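Reader: I've got a list of labels here and I'd like to know what earns each one. Can we go through them?

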Amino acid sequence: MKLSYLTDTLSYKALWKADNDQSVQQAYTSDLLSDVMGNAPEDSLLITIQGHKNTVAVASLAGMKGILLCNNRAAPDEMLDAAAREGISVFSTTDDQFSASYKIAKGLGLV
Amino acid sequence: MQHAIPINTYTSPTVVLELIHRLKVKEVMSRRLMTAGISTPLKEIQELMRRESITGVPIVTGKRILGIISMDDIIQALDHGYIHEPAGNRMSANLIILEDDMPVSFAISYFEKHRFRRFPVLNREKELVGMVTSRDITTGLLVAINREVEAIERLQAKNRPLDTELEGTLTYPVIQYDFEKAGLASMEIKKRLKSHGIPSQIIRRAAIAAYELEMNLVVHSSGGEISSRFFPDRVEITARDNGPGITDVDEAMNEGYSTANSWIRSLGFGAGMGLPNTKKISDEFSISSSPGEGTLARAVIWYTKPKEEVS
């Protein structure tokens, strides 16, 4: 699934988008960053409500490609600046983590 | 006259002079632009300024800048009752611009010469690519100066005699509750391994181990350091702190055991997974601690012995 699926098909908002439209094969839903660190697969999308700079650090170190903030959570400037530095796209949606995970699982062809 | 940026562009120390000449405007400017069009009402721009806490908004068509509306323009508009007029009628079109390739020393002298508090930045194609405030320059310079000092420190470290098998050591101080800089040491370790051409799966494991140990210092210790030693066949990551120490190390190794407070948990940390995660992901792991003294944790990741991914 291309990350542009989030904006083009699901009409989610792109808060910061990396130049090249990256692909992900998997996604991981969690608000516990230590859980993300230990268990999230590489080259995946993080579905979370944790909108702060450390989320970017975790996603980057775990080799993830994008972050989707649910429940319309805001991303502070410093988070977006960090995302731009690390080349990790950040999206936001009014959907909660459950609905977003379902829609993305569909986009990934998993359901 | 009060200086906008307290650096003298002629007589400052050589290191600083070199920096402000070498550093380009594009390296310090803010790239996230808040712009408006000529038909945007000033009222809307006022709201944009309030919402985004900015004091100047470039008026553009496409990527071309036509003018600028500053906080002063808004105050004038409120005073004289034309706040509902479009920006095009009232913008300052007499612009002083910077080019993104100019050295920062130029920008500093612009702030001295002109009364403006911000300058639009154009690229070679005359497209608006950023804005520069004196705050951007101060921040950019601080970052650059930090980098210089780090380089100097590293040079000093290099001159110390090292273990013969060692390929290099990186050491970073970690400060308690400094969530701002948390992850910096791990990022550097990741970069170093990447530059050595280590496979990405191995780098990922080293980065995760380093980050967990680093976060442990941020969350639980009264400060310490993360140090990584790069060998030809492995990387050794050590976290050392000066307290408060762990009462029951065995218990701390259990998933879910944590002494973190609620605001740390609200950030998504402190779930009691750090040490178990680190152990799982490392090829070798050891920890020793005594209350009142400090903790020493060590994780080793071999480049050649691929461990099963944590699932």
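Author: What follows takes the labels in turn and sets each against its rule. Keep in mind that this is a predicted model.

Reader: Start with the two chains. What makes B:Arg32 and A:Asp77 a salt bridge?

Author: The rule asks for a side-chain nitrogen of Lys or Arg within 4 Å of a carboxyl oxygen of Asp or Glu. The closest N and O atoms of B:Arg32 and A:Asp77 are 2.7 Å apart, so the pair meets the 4 Å cut-off. The count between chain A and chain B is 1 salt bridge.

Reader: How many residue pairs are in polar contact across the interface of chain A and chain B?

Author: The search there gives 10 such pairs, with both residues at pLDDT 80 or more. On the side of chain A that touches chain B, helix 2 (33–39), helix 3 (53–61) and helix 4 (77–86) each supply at least two residues. That side of chain A splits into 10 nonpolar, 7 polar and 8 charged residues.

Reader: And how many residues does each chain bring to the contact?

Author: Chain A brings 25 residues and chain B brings 25 residues. The area buried between chain A and chain B comes to about 2,100 Å², with carbon and sulfur atoms giving 50% of that.

Reader: Back to salt bridges. How many turn up over all chains?

Author: A search of the whole structure gives 15. One to look at is B:Glu148 with B:Arg22, at 2.8 Å from N to O.

Reader: Why say that the pair ties together parts that are apart in sequence?

Author: B:Glu148 sits in helix 7 (residues 134–158) of chain B and B:Arg22 in helix 1 (residues 14–22) of chain B, so the bridge joins parts 126 residues apart in sequence.

Reader: Now the empty space. Why is something called a cavity and not a pocket?

Author: In a cavity a 1.4 Å probe fits but cannot get out, whereas a pocket is an open set. The structure holds 1 cavity of 30 Å³ or more, and the largest cavity has a volume of about 30 Å³. Its lining includes A:Leu3, A:Lys17, A:Asp21 and A:Phe91. By class, the lining of the largest cavity has 3 nonpolar, 3 polar and 2 charged residues.

Reader: What about the second largest pocket: how much space lies in it?

Author: About 580 Å³. The second largest pocket has 32 lining residues, and B:Asn216, B:His220, B:Ile246, B:Thr259 and B:Leu275 lie nearest its centre.

Reader: Which element gives the most to the lining of the second largest pocket?

Author: That's helix 9 of chain B, with 7 residues. Helix 9 (200–220), strand 8 (234–241), helix 12 (274–281) and strand 10 (294–302) of chain B each supply at least two. The lining of the second largest pocket divides into 17 nonpolar, 13 polar and 2 charged residues.

Reader: Last, the backbone. What is omega for the peptide bond from B:Gly243 to B:Pro244?

Author: Omega is near 10°, and the bond is cis. B:Pro244 lies in the loop between strand 8 and helix 10 (249–252) of chain B.

Reader: And what makes A:Asn72 worth a label?

Author: Phi of A:Asn72 is near 60°, a positive value in a residue other than glycine. A:Asn72 is in the loop between strand 4 (66–69) and helix 4 of chain A.

Notes
Residues numbered from 1 in each chain as written. Chains lettered and ligands numbered in written order. Predicted model: local features only at pLDDT ≥ 70, side-chain atom pairs only at ≥ 80, totals over all residues. Heavy atoms only, no water. 1 Å grid on protein atoms, 1.4 Å probe; cavity = no way out; pocket = protein on both sides within 12 Å on 5 of 7 lines; lining within 4 Å. Points joined across faces, edges and corners; volume = space filled by probe spheres on them. Helix = DSSP H or I, 4+ residues; strand = E, 2+ residues; numbered from the N terminus. Nonpolar A, V, L, I, M, F, W, Y, C, P; charged D, E, K, R; others polar. Contact = heavy atoms within 4.5 Å. Buried area = accessible area lost by both parts, 1.4 Å probe. Polar contact = N/O pair within 3.5 Å; in protein donor to acceptor, adjacent residues only side chain to side chain.
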